[in-house]
Amino acid sequence: MKKLLILLFIFGFAANLYAQPMFATDAGSMSLGGNISLSSSGGDLSNESDNGRSFDISINPDFSIFIVPSLSIGIDFLAHFYSQGSYSRNSLGLGPSLTYYIAGHKDRRVYPYIGASYQFYKYAYKDTETNYEGDSKQTSITGRFGVMFMLSSAVGLTMEGNYVTISSTSGDSDPVLGNQFYFGLGVKSFIF
């Protein structure tokens with residue numbers, strides 16, 4: 001992952017040397033942003049006990065570079081805090097992302113977008129009722145769609161929906177699969 005970050009920075013600086021970006025989604029522009037979301041989940045991953053649906057809070061900062069107008073590659077980070085009854089879990093993770101801004105080849109006030117990302121993360125979990133605790137690994141693939149409203153030439157407010165497929169493994173056990181849909185609000189700051 002460290003090599004991926006170095007490659008992203010080199011890519012960004014090389015693009016800036018070649019041509020100065022003229023607007024937020026122009027080639028060579030960089031963005032730093034993220035979102036905060038609240039969600040309720042279902043599926044096999046969330047309903048293993050009689051505690052019903054799960055609730056969680058996610059904080060997702062991201063960094064990306066526009067390799068051509070409208071198209072950015074980047075890296076997403078994750079801090080996730082989850083609870084269901086007496087069970088709780090804290091997660092940290094990261095992974096690559098790709099985002100396409102529809103009609104992002106010109107300066108606009110509103111940019112609809114679609115994107116995808118892959119994340120790998122580890123989490124620590126604990127059940128206070130049974131005194132059970134441990135660590136696990138998880139991977140996810142996320143598809144996203146949203147709209148970015150430009151508040152100024154370099155700051156945008158994002159509203160997005162995400163659909164996530166999740167594979168979770170603990171020790172030598174078989175993966176447990178689940179899914180999640182959530183809606184998030186965020187802010188992106190552009191450097192160009």
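A residue counts as buried under 20% relative accessible area, exposed over 50% and partly exposed in between (1.4 Å probe, protein chains only). The model is predicted, so local features need pLDDT of at least 70 and side-chain atom pairs pLDDT 80 or more, whereas totals for chains, interfaces and linings use all residues. Residues are numbered from 1 along each chain as its sequence is written, and side-chain values use heavy atoms, without hydrogens or water.

**View A. The loop between β4 and β5, at A103.** Helices (H or I, at least four residues) and strands (E, at least two) are DSSP runs numbered from the N terminus. A103 has a relative accessible area of 18% and is therefore classed as buried. The phi angle of A103 is positive, near 60 degrees, in a residue other than glycine. Most residues other than glycine have a negative phi.

**View B. The loop between β2 and β3, at S70.** Strand β2 covers residues 54-68, and β3 covers residues 71-84. S70 lies in the loop between these two strands. S70 is not glycine, and its phi is positive, near 85 degrees. With 3% relative accessibility, S70 is buried. T99 is among the residues that touch S70 (contact: heavy atoms within 4.5 Å).

**View C. T99 in strand β4.** Strand β4 spans residues 87-101. T99 has a relative accessible area of 10%, so T99 is buried. Leaving out residues up to four places away in sequence, the contacts of T99 are S70, L71, S72, Y113, I114 and G115.

**View D. S72 in strand β3.** S72 is buried because its relative accessible area is 2%. With residues up to four places away in sequence left out, S72 touches S64, I65, F66 and I67, and also S97, L98, T99 and Y101. The C-alpha atoms of S72 and L98 are 5.8 Å apart in space, while the two residues are 26 apart in sequence.

**View E. The largest nonpolar core.** Such a core is a set of buried Ala, Val, Leu, Ile, Met, Phe, Trp, Tyr and Cys residues joined through side-chain atoms within 4.5 Å. The set shown has nine residues: F23, A24, F66, Y101, Y111, Y113, M148, M150 and F190. At least two of these residues come from β5 (110-127), and at least two from β6. Apart from residues up to four places away in sequence, F66 touches A24, T25, D26, A27, G28 and S29. The contacts of F66 also include L71, S72, Y101 and F190.

**View F. F149 in strand β6.** Strand β6 runs over residues 132-150 and contains F149. F149 is partly exposed, because its relative accessibility is 32%. M148 and M150 belong to the nonpolar core of View E.

**View G. Pairing of β7 with β8.** Strands pair if DSSP finds at least two bridges between them. Strand β7 (residues 155-169) pairs with β8 in the antiparallel sense, over 14 bridges. One bridge joins T165 to N179 in β8. The two strands, β7 and β8, form a hairpin with six residues between them. G171 in the turn has a positive phi of about 65 degrees.

**View H. Pairing of β1 with β8.** Strand β1 covers residues 30-41, and β8 covers residues 176-191. These strands are antiparallel and share eight bridges. G34 has V187 in β8 as its bridge partner.
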